[in-house]
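Here are some exercises to work through with the model open beside you. Try each task on your own before you read its solution.

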Amino acid sequence: MDPQIMDGLDFPFCDEVVKYEKLAKIGQGTFGEVFKAKHRKNKQIVALKKVLMENEKEGFPITALREIRILQLLKHENVVNLNEICRTKANQFNRYKGSIYLVFEFCEHDLAGLLSNHNVKFSLGEIKEVMRQLLNALYYIHCNKVLHRDMKAANILITKNGVLKLADFGLARAFSISKASGSNRYTNRVVTLWYRPPELLLGERNYGPLIDLWGAGCILAEMWTRSPIMQGNTEQHQLTLITHLCGSISTEVWPDVDKLELYSKLELPKGQKRKVKERLKAYVRDQYALDLIDKLLSLDPAQRLDSDAALNHDFFWMDPMPSSLAKMLSTHNMSMFEYLAPPRRRYQQGGAQPPAQQQQQRAVASNDAAFDRVF
Ligand SMILES: Nc1ncnc2c1ncn2[C@@H]1O[C@H](COP(=O)(O)OP(=O)(O)OP(=O)(O)O)[C@@H](O)[C@H]1O
Ligand SMILES: [Mg+2]
């Protein structure tokens, strides 16, 4: 666009980002950088997520538009709040390309940061409170016909008062229940590989909310193991790890699986027994937790618990009941984020990588090295 055209324009509803002072970088994602910042006048602390425009040929990135539209729709205690959108002016220093920032309420921690710090110890009641809030968030977004599609510990924020906020709607989309006339054809290249459910790995394109509940099951186990439970290097490897934990994938346990495109094309280990409870019991000492993990990590999405059924599971209704994290968190006086944490996992080759590179394990980039793994 001719820069002159922009000169005379005023954007009364979109302030300039200079009203915030950047304090520190707290995140580096595939789609942008995240900063902690302070409002220069009222001193409010916020998180600024810059929309990366560098690779765009067609103007404002559609992924960011989708994220903004979805965040505007969602208002819930357990979903991160988008306060406003800000901009920078185009000038000669940015080659007449202004930037756009998403301004969020600030949360002191993310779950990946908390889990990577072994001084942070969760009691059983506190683990229940984390999961209760996470499932509440999923219940709410699914009722509003939104799929998150990027469940992982780094996308779960926790305030110093112990309030959980589901974040990162960069891969989210609206969904509809497919009609008899035809099924949905969503992309299955979503969800960070380690949290990706078997139906997506087998090529399903007509999926729904249950894809997010597989991720919730992985995260529940991770509350004890402290690192992701299935760290595959490739899609084939991820399916192999899933089979080793959840048993062989067959029409016996998953009646319609043979209709999925990749079922006959990929090599799936045969004769594996399901060992979810057996293998996790050394970490997870609570039988109700083991049972809930088992039911969330159901291979067949039709048999997987949805968020409502999960919230009704005995795990949440047996002593100790869910209890606030505020007191435990008040004993830690620093923010914990995945980006700032020392590597949670040891790399097999090449030693530790800078945090920025650790962030790239999203759906679109699944070329991870092998990490210190639980299984
Ligand atoms: N509101 C917030 N308060 C505090 N920290 C935040 C907030 N939003 C994001 N972060 C931090 O920044 C990180 C990256 O943010 P986000 O996940 O939204 O970006 P992304 O570019 O989509 O990331 P990725 O590609 O790694 O998934 C988060 O993991 C979290 O640590
Ligand atoms: Mg993220």
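**Exercise 1. Work out whether helix α9 (residues 287-296) is largely enclosed or not, and find what covers its buried residues.**

*Solution.* Keep in mind that this is a predicted model.

Step 1: Go along the helix and pick out residues under 20% relative accessible area, the cut-off for buried. In α9 these are A289, L290, D291, L292, I293, D294 and L296.

Step 2: Set that against the length of the helix. Buried residues make up 7 of the 10 in α9, so the helix is largely enclosed by the rest of the structure.

Step 3: Look for the neighbours. The cover over the buried residues of α9 includes α6 (210-225), α8 (276-280) and α10 (307-311).

**Exercise 2. Describe how α6 and α9 cross, and which residues meet there.**

*Solution.* Two packed helices are described by the angle between their axes and the distance between the axes.

Step 1: Take both values. The axes of α6 and α9 come within 8 Å and cross at roughly 150°.

Step 2: Classify the angle. Angles over 145 degrees count as roughly antiparallel, and α6 is therefore roughly antiparallel to α9. The crossing of these two helices, α6 and α9, is left-handed.

Step 3: List the contacts. On the α6 side are L213, W214, A216, G217, L220, A221 and W224, and they meet A289, L292, I293 and L296 of α9. By class, the contact of α6 with α9 has 10 nonpolar residues, 1 polar and no charged ones.

**Exercise 3. Do the same for helix α4 (residues 124-143) and α6.**

*Solution.* Step 1: Here the axes of α4 and α6 are 11 Å apart, at an angle of about 170°. That makes α4 roughly antiparallel to α6.

Step 2: Check the hand. The crossing of α4 and α6 is right-handed.

Step 3: Collect the residues. From α4 come L124, I127, V130, M131, L134, L135, L138, I141 and H142; they meet D212, L213, A216, I219, L220, M223 and W224 of α6. The residues of this contact of α4 with α6 divide into 14 nonpolar, 1 polar and 1 charged.

**Exercise 4. How many salt bridges does the model have, and which parts of the chain do K19 with E84 and K49 with E67 link?**

*Solution.* Step 1: Start with the total. The count comes to 16 salt bridges.

Step 2: Turn to K19, whose side chain meets that of E84 in a salt bridge (3.0 Å, N to O). This pair links distant parts of the chain, 65 residues apart: K19 is in the loop between α1 (3-7) and β1 (20-28), and E84 is in strand β4 (residues 82-87).

Step 3: Next, K49 forms a salt bridge with E67, with 3.0 Å between the closest N and O atoms. Since K49 lies in strand β3 (residues 45-50) and E67 in helix α2 (residues 62-73), the pair ties together parts that are 18 residues apart in sequence. Both K49 and E67 are buried.

**Exercise 5. Find the partner of D291 in a salt bridge, and say whether each of the two residues is buried or partly exposed.**

*Solution.* Step 1: The partner is K295, and the closest N and O atoms of the pair are 2.7 Å apart.

Step 2: Place the pair. D291 and K295 both lie in helix α9, 4 residues apart, about one turn of the helix. An α-helix has 3.6 residues a turn, so residues three or four places apart point the same way.

Step 3: Compare with the cut-off. D291 has 18% relative accessibility and so counts as buried. K295, with a relative accessible area of 36%, is partly exposed.

Step 4: Look for shared partners elsewhere. Salt bridges that share partners join D15, K19 and E84 into one network.

**Exercise 6. Locate the backbone features at R149, R226 and P320.**

*Solution.* Step 1: R149 is a residue other than glycine with a positive phi, near 65°. R149 lies in the loop between β7 (146-147) and β8 (156-158) and is buried, at 3% relative accessible area.

Step 2: R226 also has a positive phi, near 70°. R226 is found in the loop between α6 and α7 (235-246), and its relative accessible area of 12% makes it buried.

Step 3: The peptide bond from D319 to P320 is cis, with omega near -5°. P320 lies in the loop between α10 and α11 (326-329).

Note on methods
Residues are numbered from 1 along each chain as its sequence is written. Chains are lettered from A and ligands numbered from 1 in the order in which they are written. This is a predicted model: local features need pLDDT of at least 70, side-chain atom pairs count only at pLDDT 80 or more; totals for chains, interfaces and linings use all residues. Side-chain values use heavy atoms; hydrogens and water are left out. Buried means under 20% relative accessible area, exposed over 50%, partly exposed in between (1.4 Å probe, protein chains only). Contact means heavy atoms within 4.5 Å. A salt bridge is a side-chain nitrogen of Lys or Arg within 4 Å of a carboxyl oxygen of Asp or Glu. Axes are lines fitted to C-alpha atoms, for helices over the stretch in contact, and angles run from 0 to 180 degrees between N-to-C directions. Angles under 35 degrees count as roughly parallel, over 145 as roughly antiparallel, 65 to 115 as roughly perpendicular and the rest as oblique. A crossing is left-handed if the near helix is turned anticlockwise from the far one by less than a right angle, and right-handed if clockwise. Ala, Val, Leu, Ile, Met, Phe, Trp, Tyr, Cys and Pro count as nonpolar, Asp, Glu, Lys and Arg as charged, and the others, Gly among them, as polar.
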